[in-house]
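Hi everyone, thanks for coming. I'd like to walk you through one structure today, so let me put it on the screen.

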There are 2 protein chains.
Amino acid sequence: METPTLTRSDEPTSARPASRHAAHARELEELLAAVAALARELVAREHDPADPALRDPVALAGRLDLALGAEGLETGAVLARLKAVLEATPSTSSWRFVNQLFGGREPVATAAEMLAVVQNVSMYTFKAAGAEILVERELLRHMAELAGFAGGEGCFTPGGSLANLVALLLARNAAAPDAREAGAPGGRLAVYTSEEGHYSISKSAGIVGFGRRQVRQIAVRADGGMDPDALARALAADRAAGLVPALVNATAGTTVRGAFDPIRLLAELAHAAGAWLHVDGALGGSLVLSPAHRHRLDGLELADSFAWNPHKMMGVPLQCSVLLVARRGALGGSLDESADYLFQADDDELNPGHRSIQCGRRNDALKLWAAWLRLGDRGYEARIERQLGLARLAAAKIAADPALELAELPASINVCFEVRGRSSEAICERLDREGTLKIGHGVVAGRRTLRLVCVNPDLDEGDLDAILAEIQRAGRALPPGDNRVGAAS
Amino acid sequence: METPTLTRSDEPTSARPASRHAAHARELEELLAAVAALARELVAREHDPADPALRDPVALAGRLDLALGAEGLETGAVLARLKAVLEATPSTSSWRFVNQLFGGREPVATAAEMLAVVQNVSMYTFKAAGAEILVERELLRHMAELAGFAGGEGCFTPGGSLANLVALLLARNAAAPDAREAGAPGGRLAVYTSEEGHYSISKSAGIVGFGRRQVRQIAVRADGGMDPDALARALAADRAAGLVPALVNATAGTTVRGAFDPIRLLAELAHAAGAWLHVDGALGGSLVLSPAHRHRLDGLELADSFAWNPHKMMGVPLQCSVLLVARRGALGGSLDESADYLFQADDDELNPGHRSIQCGRRNDALKLWAAWLRLGDRGYEARIERQLGLARLAAAKIAADPALELAELPASINVCFEVRGRSSEAICERLDREGTLKIGHGVVAGRRTLRLVCVNPDLDEGDLDAILAEIQRAGRALPPGDNRVGAAS
């Protein structure tokens, strides 16, 4: 081992870019040009149909050179393989991608996220992440204000499922204050969500110790919102049986229909029963930005927690999810650990690791902040109006076409409909195999419908026409099929 | 509402880049140049000392223009604000950042992650993410093989804390098969980890319903590894009291000392008691890539699960964490939900949403795959040898310097030491306020030591000299201090 040769000085050392740092900086510099070139190529082609040969996973695996091995490759060879993989990746900003509750992009959010990758901080402490903590704090402040949670607190979570999980955790600990220390009192507590709510409520109930069996799937009204009378009956039945209602989940934007539960009524029922009221606004939470549609979330300010995914309607890259909580201190009460190897400087308020389900945590704030600066609340309002307007326009086109059948007027951005006499599932499958369109299906009132998600505001009327034309073409090429749930398709 | 004017055709529509898509593509194109320019500037300056004026959160908040408001801004104004924030963000690839268990970067991983941001897929299904699913599968296959988990399964998680949480969940459900449905049997099950293990074990026990009180903090031996005799006594005492040992956590690379628990002995004790053996290799798991050091993980192939964070020693951007599980089917058994609005095509094997705690999930695989292609197993082996070698070199320098006191020979990449007669905490604080060095402290054998993390392989001997010189300079500027834990510093 070498003899140490310490540099001694009473002055701070000056910058000293050593050779290994410089070599890696040069490599990154060269790669930045390649990244920009490849990104341009991908974006230029993102509206092309996909090569059907890429759709078969077995054939695709054979075609791509994916194997990891002992020896490394030159940068050029890595870039060639990267390019091949990226070309075989669906383009989620294409008009041909209406399969999920996200799609499209705000360019400045993409750019900011790319810069966050270069900086690569972890968001537990101000010491480690500096100004990024202040950016995140400003976002949480602004979002809390918009949601009617001013004075509350919040955290970023890696996706809406985990935002819901944390909400269930807080509600569990509110209903059973000893649960964090002594263990969850499984079987004694109950959770309520609508039969059309997201699967993460049931999943999280299985994780945080309620038990999935303790989740009541409450019936919905014709409009897809939870039936408050059915909720009241379920709460009463459980209380009569000696169970403790712990949480009512009100969904703001259901996964298939984009429907809204009546939050105010549910909040009143939940609170009268002593339960936590959570609003799962992963999809529809962004409507707080629209004065014209804010009423869909009427009563939100009564909620105890609110999950909101900006990576859906706000167009920032995955992941970007926020959980807002009305009572300051609740997050730390269920999540904080004393870890003096981590929290070593600054007030707790500046160290969001105290309020997170994660320890190391990537920066999901910068992209949203950049997009919000670019658009402002008014720009986001216009974006959301456009998404809702596209859904209404698509619905009008469908309603006017005798070959199509609209399931219902869209509750928000999801348009559910059928091609008369053709299986919705078979149409989705065929379009996907062809590479012409990615679209999914879901059940509305006992029938399997196509679900056209109008989340990408860059769609225009011509895109809607093209999407509907693709769907009809695929339908004409298929034999007759039945969409009644349970029927052979 | 406009009258629908459908385009009808029996052929798939050709590409039709409409004006809004084109405008956003142009905006992104312009931004890509700005991203590259800003990234170059940040990288060029990342070894400079930080401006001390940026260290005060109140002053910094006053200086930055963070506020979100009603009106949007031009792109140029957004970029100017972004730049100001990024310049006030710590540079985690600088030699001046040895504060955390990550630091430095593999350039090709950064580049691949930037491209993943442009593509922005969600990793639940092959339909939505295409070739990216195959990339992730190849990584899990290769990592499982290296870890001795061939034939098992795995998932990417948003950080090591959540990997540990999922492991606790699987162990809970193995010990109490009814827990997912009926609720967690709080208080009946027990969890074992060393007193120097990561806080996420206790935190997760509070979340998944064991209760934090059910976590036994087992004493460590002088080398920082868990004492197997103490574990055996704790297991026996709990069993005698009628409790069910559910999980033993063996840490591979403790947070402060980088120490390794004796996995083989712990696995034998755990399994004899009917408990799950989890290995938390968030930090040290990467040593499976080093034939010379693999023995530190001896017995890993006996484990039931293994958490491994490539965003630490493997140099890829946060987040990149993997949980490997020995028994195929365990992840789905605790996490899967039937959600027919999501899982609509392809075999379950190609839809990793069935095995994830998340629903929407960003692509954390592409960056690791690119870096692994670039380096190969051998390049990663060399990287890890270098990290360990840097720690040994730093330790030798410290041991040879009469003003410094080495706490112990480094167990892996963490070097714990003191400046004789000076408070470790005060030194960290002073260096951080000055902007010259980010370094943390931790307790070893009852004394508060500086923790120098040698995770950035771009450090060289000159950097180590400079780091130690900064520390000694800061120490000389401070009054005498005491590092005994409990003493006033």
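Let's begin in helix H14 of chain B, residues 424-434, where B:Ser424, B:Ile427, B:Cys428, B:Arg430, B:Leu431 and B:Asp432 are buried. Before I go on, please keep in mind that this is a predicted model. What do those buried residues of H14(B) pack against? From their own chain B, the partners are strand S10 (414-419), strand S11 (438-444), strand S12 (447-453) and helix H15 (461-476); chain A adds helix H5 (126-129). Just past the end of H14(B) you'll find B:Gly435, with a positive phi of about 90 degrees.

That helix from chain A brings me to the contact between the chains. Chain A puts in 170 residues and chain B 169 residues. On the chain B side, the most comes from helix H1 (residues 19-44), which gives 18 residues. Sorted by class, that side of chain B has 84 nonpolar, 44 polar and 41 charged residues.

Staying with chain B, have a look at a helix pair. Helix H4 (residues 107-119) and helix H13 (residues 366-400) of chain B have axes that come within 8 Å and cross at roughly 145 degrees, and the crossing is right-handed. On H4(B), the residues making this contact are B:Val108, B:Ala109, B:Ala112, B:Glu113 and B:Ala116, while H13(B) offers B:Leu366, B:Lys367, B:Leu368, B:Ala370, B:Ala371 and B:Arg374. Eight of the residues in this contact are nonpolar, three are charged and none is polar.

Now for the sheets. In chain B, seven strands make an open, mixed sheet, ordered S2-S8-S7-S6-S5-S3-S4. Its edge strand S2(B) pairs with strand S8 (residues 321-325) of chain B, antiparallel, over five bridges, and there B:Cys155 sits opposite B:Leu323.

Over in chain A, there is an open sheet of seven strands with mixed pairing, in the order S2-S8-S7-S6-S5-S3-S4. Strand S2 (153-157) and strand S4 (215-218) of chain A each have a single partner strand, so one side of each has no neighbour in the sheet. From one strand to the next, the twist averages 20 degrees.

Further inside, strand S5 (residues 244-251) and strand S6 (residues 276-281) of chain A run parallel and share five bridges; A:Val248 has A:Leu277 as its bridge partner in S6(A). Helix H11 (residues 263-272) of chain A packs on the sheet, touching S5 and S6, with its direction at about 150 degrees to that of S6(A).

That's my tour, and I'm happy to take questions!

Key
Residues are numbered from 1 along each chain as its sequence is written. Chains are lettered from A and ligands numbered from 1 in the order in which they are written. This is a predicted model: local features need pLDDT of at least 70, side-chain atom pairs count only at pLDDT 80 or more; totals for chains, interfaces and linings use all residues. Two residues are in contact if their C-beta atoms, placed from the backbone, lie within 7 Å. Helices (H or I, at least four residues) and strands (E, at least two) are DSSP runs, numbered from the N terminus. Ala, Val, Leu, Ile, Met, Phe, Trp, Tyr, Cys and Pro count as nonpolar, Asp, Glu, Lys and Arg as charged, and the others, Gly among them, as polar. Two strands pair if DSSP finds at least two bridges between them. A residue is buried if 20 or more other C-beta atoms lie within 10 Å of its own, exposed if 12 or fewer, and partly exposed in between; C-beta atoms are placed from the backbone. Axes are lines fitted to C-alpha atoms, for helices over the stretch in contact, and angles run from 0 to 180 degrees between N-to-C directions. A crossing is left-handed if the near helix is turned anticlockwise from the far one by less than a right angle, and right-handed if clockwise.
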